[in-house]
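These are my notebook entries on a model I looked through. I began with the cysteines and then went on to the packing, the chain pairing and the DNA.

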2 protein chains.
Amino acid sequence: MARQPTSGERPTVKDVAASSGVSATTVSRVLAGNYPVSAETRARVMKAVRELDYVINAQARALGGGGTKTVAFIVHDLVGPAFAYVGQGVEQQATAEGRLCLVCTSHGDPDRELEIVELMREQQAEAVVLVGGGSGNRSYVDRLTQAARALDKSGSRLVLCGRPPLGTDAPATVVEYDNEGGAYAMTSYLISLGHRDIAFLGAGEAGHSTVDGRLRGFERAHEAHHLPMTSHRTSAVTFDRESGYQATRELLARDRKFTAIFAATDVVASGVLVALREAGLRVPEDVSLVGYDDIPLARDLTPELTTVHVDYEELGRTAVRHALNRERHALSQHTMIGTHVIIRDSAGPPPSP
Amino acid sequence: MARQPTSGERPTVKDVAASSGVSATTVSRVLAGNYPVSAETRARVMKAVRELDYVINAQARALGGGGTKTVAFIVHDLVGPAFAYVGQGVEQQATAEGRLCLVCTSHGDPDRELEIVELMREQQAEAVVLVGGGSGNRSYVDRLTQAARALDKSGSRLVLCGRPPLGTDAPATVVEYDNEGGAYAMTSYLISLGHRDIAFLGAGEAGHSTVDGRLRGFERAHEAHHLPMTSHRTSAVTFDRESGYQATRELLARDRKFTAIFAATDVVASGVLVALREAGLRVPEDVSLVGYDDIPLARDLTPELTTVHVDYEELGRTAVRHALNRERHALSQHTMIGTHVIIRDSAGPPPSP
DNA sequence: TTGTAGGCGTTATCAC
DNA sequence: GTGATAACGCCTACAA
């Protein structure tokens with residue numbers, strides 16, 4: 001008589017085997033489909049599978065061999081629009097390559113981030129994608145390098161997505177986008193419109209790779225055009241709307257000479273816009289405003305925001321693709337994704353004096 | 001001599017045991033910390049753990065007993081703001097309860113959704129959270145009910161987050177928010193402002209639980225105030241900005257009597273706003289506009305959008321909390337989260353005739 | 001306090 | 001084509 005699994009218990013290959021009168025090995029072969037099995041046997045097994053509503057145990061499979069078919073991505077939080085798009089890309093590519101996706105949020109805490117990497121090593125994730133700019137702090141970079149080596153040793157791969165490489169001796173895959181180039185192009189655009197006094201509102205602490213790159217592009221453009229620079233960094237540590245609002249108010253209180261504002265992100269720009277409007281300043285007639293990221297919000301602002309486009313979804317896809325299909329023994333990989341200016345309505349010529 | 005694991009291989013408890021001169025069991029006990037071990041032994045073991053850079057194998061642990069400590073959430077996509085917030089809540093609560101989070105996207109495809117539920121059963125996820133409104137299609141509901149039973153049998157739990165229960169005999173946890181109540185309150189608000197001809201722009205096919213609920217609230221408010229209703233549903237199947245834009249253009253082409261528009265979502269409202277502005281209509285002077293969801297976008301529109309607030313993050317948290325800490329043998333659970341009107345600047349009295 | 005034996009569900013290996 | 005058997009790495013009895 002076919003063995004009936006205890007009700008309320010999950011059936012196993014053994015149950016299927018018993019129920020279809022074959023060995024567990026044969027059941028495994030039918031399911032894997034990578035080994036010759038007679039058509040008749042296959043049919044019997046499949047019937048039992050359906051009747052028992054059997055599904056394989058992924059943990060057991062991973063243990064026996066085969067690996068976990070899992071990719072992890074670690075992100076500050078899921079609600080930042082840019083993060084969400086990267087996540088979307090990661091999930092998409094992971095699914096396309098037959099992998100499942102683990103998500104974790106670090107809320108920007110480096111210690112938590114390293115903890116999570118450790119957790120992912122326990123989980124045997126095939127790739128660990130770290131999303132978002134990170135700190136350049138020395139001890140942090142060292143610990144991350146060590147984590148990269150540990151992952152490498154267990155056949156996994158650390159991927160840095162949207163931040164610079166750790167060093168050439170760290171086994172990691174890096175997929176960046178061109179913060180500096182985009183900021184350079186945007187600044188040049190403003191200069192070409194006639195602006196000579198541009199305020200850069202870069203929220204966040206120094207040493208943060210993303211803002212640093214953008215600021216560098218801003219500076220380089222000034223140098224290239226032989227222009228003095230009036231950069232205005234704020235002490236805010238977040239990239240949110242509120243910090244853009246506050247920074248603009250402070251700026252307006254102490255300096256009204258600038259004719260354009262370059263906000264470090266679109267979200268910051270949305271806060272800037274509110275402050276400008278409250279001060280009775282029109283955009284772009286009185287002051288031009290540009291952002292960075294080109295998230296959907298950019299088109300919802302009034303006026304629609306001129307900004308730098310970054311293909312975040314592609315960033316995520318590339319990260320997974322490279323991590324999973326890299327050349328054997330290629331120690332480090334590095335890809336740079338281009339960015340470009342999207343001209344909308346928030347920037348124009350400076351007001352005539 | 002202590003056994004050195006082959007370089008490039010992951011160390012196991014055995015390696016740690018050999019390296020510290022104790023048995024594998026003792027290592028396990030030290031790591032679990034739930035069993036008395038002499039201080040000296042513990043120290044030796046921990047030292048070996050550090051030296052070998054050992055981490056436990058989560059798959060093996062799950063297999064031996066203990067379970068996977070994993071929660072899955074399935075969502076249309078990660079970039080919709082509402083979805084992102086629910087995901088944030090799910091991840092947050094999962095982490096708080098010591099679980100890891102698997103994400104999958106279904107892109108609104110019911111078949112894919114059921115496939116994913118199956119995958120999660122293989123993964124032994126402790127809870128499977130289905131996020132977002134779903135179709136009321138009979139065969140779909142039946143298959144989902146069957147999936148719920150299958151999950152229940154393996155000790156897991158299906159959670160419906162933001163959609164109505166499958167039926168009282170399905171072992172599932174449901175966490176909804178009050179679509180009908182919020183729409184009722186908002187419609188009443190518009191009526192109290194003096195509006196008598198309100199267009200409801202509900203993108204999406206009939207049978208979609210979220211829109212249906214909102215439309216029901218819209219209708220009930222009209223009934224309660226003894227007002228005839230002029231509902232306008234569009235044929236668009238998406239909830240995006242574009243569908244709001246198109247729907248509004250069609251609406252304007254055939255009917256200009258309405259004095260207010262109730263958009264099914266904030267994102268739809270953003271498209272409506274563009275179309276209105278293009279037509280030279282001022283908001284709220286010429287026509288009032290309200291939305292639903294209260295995503296950050298609502299505050300970035302000009303004028304800031306009057307809308308219905310939904311605490312999506314709490315929705316996600318509640319989903320996980322209930323799934324993990326339910327009473328034993330409670331077949332079905334049902335929670336409703338409240339919604340409320342947020343008054344901003346996009347709705348006012350109708351223009352005097 | 002510590003060690004030994006067996007099992008979790010699957011797949012790889014080796015026989016038949 | 002099919003079936004036993006031994007891993008995989010951990011944990012929970014049961015002994016000592």
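**Cysteines.** I looked up A:Cys161 in this predicted model and found that the residue counts as buried, because its relative accessibility is 1%. I then asked which cysteine sulfur is closest to that of A:Cys161. The closest one belongs to A:Cys101, and at 12 Å it is too far for a bond, since a disulfide needs the two sulfur atoms within 2.5 Å. I turned next to B:Cys104, which takes part in no disulfide either. For B:Cys104 the nearest cysteine sulfur is again that of A:Cys101, here 7.7 Å away. B:Cys104 has a relative accessible area of 3% and is therefore buried. Over all chains I count zero disulfides.

**Nonpolar cores.** I asked which residues touch the most other members of the largest nonpolar core. That core has 88 residues, and the answer is Phe73, Val129 and Phe262 of chain A together with Phe73, Val129 and Phe262 of chain B. I followed B:Phe262 further, setting aside neighbours within four places in sequence. Its contacts include B:Ala183, B:Met186 and B:Thr187, a run from B:Ile198 through B:Ala199 and B:Phe200 to B:Leu201, and also B:Phe218, B:Val290, B:Gly291 and B:Tyr292. I noted another core apart from the largest one; it has 48 residues, including A:Tyr140, A:Leu144, B:Ala147 and B:Leu158. As general background, I recall that nonpolar side chains in soluble globular proteins tend to be buried together.

**Chain pairing.** I superposed chain B on chain A and obtained an RMSD of 0.1 Å, with a turn of 180 degrees and a shift of 0.0 Å along the axis. The two copies are thus related as by a two-fold rotation axis. I also compared the interface residues: 100% of those of chain B are interface residues in chain A as well, so the copies meet through the same surface.

**DNA strand C.** I asked which residues come nearest to DNA strand C. Of the 23 residues around the strand, these are A:Val13, A:Ser28, A:Tyr54, B:Thr26 and B:Thr41. Of the strand atoms that come within 4 Å of the protein, sugar and phosphate make up 61%. I then looked up phosphate oxygens of DNA strand C beside polar side-chain atoms. The distance is 2.3 Å for B:Thr41, 2.6 Å for B:Thr26 and 3.4 Å for A:Arg61. Last, I noted that α2 (24-32) and α4 (58-64), in chain A and in chain B, are the elements that give two or more residues to the surface near DNA strand C.

Notes:
Residues are numbered from 1 along each chain as its sequence is written. Chains are lettered from A and ligands numbered from 1 in the order in which they are written. This is a predicted model: local features need pLDDT of at least 70, side-chain atom pairs count only at pLDDT 80 or more; totals for chains, interfaces and linings use all residues. Side-chain values use heavy atoms; hydrogens and water are left out. Buried means under 20% relative accessible area, exposed over 50%, partly exposed in between (1.4 Å probe, protein chains only). A nonpolar core is a set of buried Ala, Val, Leu, Ile, Met, Phe, Trp, Tyr and Cys residues joined through side-chain atoms within 4.5 Å. Contact means heavy atoms within 4.5 Å. Copies are superposed by least squares on the C-alpha atoms of residues with pLDDT of at least 70 in both. A residue is near a molecule or strand if one of its heavy atoms lies within 4 Å of it. A polar contact is a pair of N or O atoms within 3.5 Å; within protein, one must be able to donate a hydrogen and the other to accept it, and residues adjacent in sequence count only if both atoms are side-chain atoms. Helices (H or I, at least four residues) and strands (E, at least two) are DSSP runs, numbered from the N terminus.
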